[in-house]
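Here are my notes on the model, in the order I would go through it on screen. Have the sequence open alongside as you read.

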Amino acid sequence: MSRHIHACAKTNTLRYAFVGVTVEDLYPRDDWNFVFGLADPLGRTSVFSFARYADEGFLNAKAAQARLLKRAVKVMAHEIGHTFGLMHCIHYSCLMQGSNSAGESDAKPHEFCPLCLRKLFFQTEFDPVLRYEALIEWIEALDGGPELFAADSDANEAVFGEWKAWYRRRIDACGGSC
């Protein structure tokens with residue numbers, strides 16, 4: 001086992017990458033503009049910043065929290081994609097596309113394109129249907145008790161309903177197994 005993969009004794013799962021979270025702006029170089037996140041593929045580490053994700057457009061606090069979570073999940077998934085060796089994608093509408101503004105980041109899809117998904121599959125050999133089912137379960141778990149982030153089913157449906165429908169369509173397209 002690589003020195004970067006550690007068995008977790010409690011859950012018997014593997015840890016592949018470490019993700020840092022901050023509220024400070026990230027500037028990889030003095031002459032660069034800010035970035036939403038940054039990853040080191042060789043070190044399997046990444047960092048994500050909430051600094052550019054203030055959401056003044058929502059009157060409902062729960063919807064604003066759910067939208068903030070949605071933005072964070074997309075950027076963190078993008079950065080974790082880099083830790084698996086994925087570069088910025090130029091072929092399709094893809095989560096691995098770069099973004100230079102909050103608008104571009106919001107417009108980017110929540111999912112990997114077929115090429116990047118295949119590259120990720122090659123690295124990890126996951127079951128796509130189990131992955132989609134787990135993502136649906138995660139979205140549905142957001143509606144749980146008040147201790148959960150944005151625990152409001154209406155807000156979560158408004159923000160994550162599209163994703164859940166997309167995952168269900170993918171499961172249907174796979175015929176229950178891919």
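1. Start at the hairpin: strand 4 and strand 5 form one, with four residues between them, and Arg44 in the turn has a positive phi of about 50°. Strands here, like helices, are DSSP runs numbered from the N terminus (E, at least two residues, for a strand; H or I, at least four, for a helix). Before you go further, note that this is a predicted model, where local features need pLDDT of at least 70 and side-chain atom pairs count only at pLDDT 80 or more, while totals for chains, interfaces and linings use all residues. Residues are numbered from 1 along each chain as its sequence is written, and side-chain values use heavy atoms, with hydrogens and water left out.

2. The two hairpin strands pair in the antiparallel sense over four bridges, strand 5 being residues 45-49. Two strands count as paired if DSSP finds at least two bridges between them. Ala39 has Ser46 in strand 5 as its bridge partner, and Leu38 has Val47.

3. Now look at the other side of the pairing. Strand 3 and strand 5 pair in the parallel sense over five bridges, and Val47 in strand 5 is the bridge partner of Gly20. So which order do the three strands of the open sheet take? The order is 3-5-4, with mixed pairing. Strand 3 (18-22) and strand 4 (37-40) are the edge strands, each pairing on one side only. On average, neighbouring strands are turned by 15° against each other, direction ignored.

4. Helix 1 packs on this sheet, touching strand 3, strand 4 and strand 5, and its direction makes about 160° with that of strand 5. Contact means heavy atoms within 4.5 Å; axes are lines fitted to C-alpha atoms, for helices over the stretch in contact, with angles from 0 to 180 degrees between N-to-C directions. The helix covers residues 61-83, 23 in number, and reaches 33 Å from its first C-alpha to its last, close to the 33 Å expected at 1.5 Å a residue (1.5 Å times one less than the number of residues). Gly85, with a positive phi near 90°, follows helix 1.

5. On to the cysteines. The structure holds zero disulfides, a disulfide being a pair of cysteine sulfur atoms within 2.5 Å. For Cys89, the nearest cysteine sulfur is that of Cys113, 3.7 Å away. Why is Cys94 not bonded to Cys116? The sulfur of Cys116 is the closest one to that of Cys94, but at 3.7 Å it is too far for a bond. Cys94 is buried at 0% relative accessible area, and Cys89 counts as buried at 7% (buried is under 20%, exposed over 50%, partly exposed in between, with a 1.4 Å probe and protein chains only).

6. Both cysteines belong to the largest nonpolar core, of 26 residues, and are among those with the most contacts inside it, as are Met96, Phe112, Cys116, Phe160 and Tyr167. Such a core is a set of buried Ala, Val, Leu, Ile, Met, Phe, Trp, Tyr and Cys residues joined through side-chain atoms within 4.5 Å. Helix 1, helix 3, helix 4 and helix 5 (153-173) each give two or more residues to this core, and helix 5 has the largest share, five residues. Another core lies apart from it, with six residues, including Phe36, Phe48, Tyr53 and Ala72.

7. Last, check Glu125: this residue is not a glycine, yet has a positive phi of about 50°. Glu125 sits in the loop between helix 3 (114-124) and helix 4 (128-141), and is exposed at 64% relative accessible area.
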